[in-house]
Amino acid sequence: MVAAVRVHKTGGPEVLTYEEVEVPAPGPGQVKVRNHAVGVNFIDTYFRMGMYPSPVGMPFVSGNEGAGEVIAVGPGVTDLKVGDRIGYVAPLGAYSSERILAADRGVKLPDSISYEQAAAAMLKGMTVAYLVRRTYKVKKGDNVLIHAAAGGVGLIACQWANHLGANVIGTVGSKEKGELAKKNGAHHIILYRNEDFVAKVKEITNGEKCEVVYDGVGKDTFPASLDCLKPLGMFVSFGSASGPITAFDINLLQHKGSLFATRPTLNHYAAKREDLLAIAKDLFDVMASGAVKIPINQKYALKDAQQAHRDLEGRATTGSTILVP
């Protein structure tokens, strides 16, 4: 039996139950992993609340991201072996001292990347990797708007977009978060609670507006995000921290400049193992170069997962948050 955090019914942070669970031997195509660090992400709250249905039914062990050591290998596994250091993004099961993982979801970690860095980086870092290199290829001179620029994805996205030569504009909720975003590559900061971010984007860009908007906020920033885009610009909605966007009128895209809009997820971009490894390599390369650093600004014991969720949903966190089993 090992320690884990399970959800028996959907609801608030109080439904995260710290308990003992049995972890079986790995089956064909699986490995058993001893987690050294686990990532905490907004998507974890969506599963906990029932906004996203659990793919494994109830109860389920929470969490989608972690890093650890392979301690057993099932039949047919050739890419990984006992003792390998791996990071992963996988549907549920991460908030646990040990877990079973599909071997094709495990990515070997370079020696230069620690378990804690990997647990903080795999989901958020690979999300940024596909957002800035695949969904819209950020180029030198692009005007890029990043909402929630001081969040886990935001701080990585600001660094990476800056590294690619973009003019990086970030929205944040406080001056303190603005300073943090600036330290991580944002050239311009908009305090969205006090300022009209559409007007500020137009001012910052001298009326040109942006090639792309990366929006992980959702309801509160839509449809105003569309007004920050130049004709033929791209609206990338990759999260719903303030609630989902509903009743999307596709005609808005025509009226506001023949815009493009997409709602991507890492699961689709990394569905094939070769794509997963390529995206992870992009991430590890920029981390190794020093161009992108992964700020771990909150660390909790596994048993304190409830508090981690309260702080995350209360906008009391910046950068990445991890649990330590």
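**Exposed means over 50% relative accessible area.** This cut-off serves the first view of this predicted model. Ala 247 has a relative accessible area of 76%, so Ala 247 is exposed.

**View 1. Two loop residues other than glycine have a positive phi.** Most residues other than glycine have a negative phi, and most peptide bonds are trans. Ala 247 has a positive phi of about 50°. The residue is found in the loop between β13 and α6 (251-255). Asn 206 also has a positive phi, near 55°. Its place is the loop between α5 (197-204) and β12. With a relative accessible area of 71%, Asn 206 is exposed.

**View 2. Cis peptide bonds lead into Pro 59 and Pro 223.** The bond from Met 58 to Pro 59 has omega near -10°. Pro 59 sits in the loop between α1 (42-49) and β4. The bond from Phe 222 to Pro 223 has omega near 5°. Pro 223 lies in the loop between β12 (210-215) and β13 (229-237).

**View 3. Strand β6 pairs with β5 and with β8.** Strand β6 covers residues 85-89, and 4 of its 5 residues are buried, so the strand is largely enclosed by the rest of the structure. β5 (residues 65-73) runs antiparallel to β6, with 5 bridges between them. Gly 66 has Tyr 88 of β6 as its bridge partner. Ala 67 is bridged to Gly 87 of β6. Gly 87 in turn has Val 107 of β8 as a bridge partner. The pairing of β6 with β8 (residues 106-108) is antiparallel, over 3 bridges. β5 also pairs with β3 (residues 30-40): 7 bridges join these antiparallel strands. Here Ala 37 stands opposite Ala 67 of β5.

**View 4. Six strands form an open parallel sheet.** The strand order is β11-β10-β9-β12-β13-β14. β11 (188-191) and β14 (260-262) are the edge strands; each has a single partner strand, so one side of each is left without a neighbour in the sheet. From one strand to the next, the twist averages 15°. Within the sheet, β9 (residues 143-146) and β10 (residues 167-172) run parallel and are joined by 4 bridges. Ile 146 has Gly 170 of β10 as its bridge partner.

**View 5. Helix α3 is mostly covered.** The helix spans residues 152-163 and has 12 residues. From first C-alpha to last, α3 reaches 17 Å, close to the 16 Å expected at 1.5 Å a residue. Of its 12 residues, 10 are buried. Among them are Val 153, Leu 155, Ile 156, Cys 158, Gln 159 and Trp 160. Gly 165 follows the helix, with a positive phi near 95°.

**View 6. The second largest pocket has a lining of 16 residues.** About 290 Å³ of space lies in this pocket. Val 61, Leu 92, Gly 93, Arg 99 and Ile 100 lie nearest its centre. β4 (60-61) and β7 (98-102) each supply at least two lining residues. β7 gives the largest share, 3 residues. By type, the lining residues divide into 10 nonpolar, 2 polar and 4 charged.

Technical notes: Residues are numbered from 1 along each chain as its sequence is written. This is a predicted model: local features need pLDDT of at least 70, side-chain atom pairs count only at pLDDT 80 or more; totals for chains, interfaces and linings use all residues. Side-chain values use heavy atoms; hydrogens and water are left out. On a 1 Å grid over the protein atoms alone, a cavity is a set of points where a 1.4 Å probe fits but cannot get out, and a pocket is an open set with protein on both sides within 12 Å along at least five of seven lines; lining residues have an atom within 4 Å of a point. Grid points are joined across faces, edges and corners, and a volume is the space filled by probe spheres set on the points. Ala, Val, Leu, Ile, Met, Phe, Trp, Tyr, Cys and Pro count as nonpolar, Asp, Glu, Lys and Arg as charged, and the others, Gly among them, as polar. The expected span of a helix is 1.5 Å times one less than its number of residues. Buried means under 20% relative accessible area, exposed over 50%, partly exposed in between (1.4 Å probe, protein chains only). Two strands pair if DSSP finds at least two bridges between them. Axes are lines fitted to C-alpha atoms, for helices over the stretch in contact, and angles run from 0 to 180 degrees between N-to-C directions.
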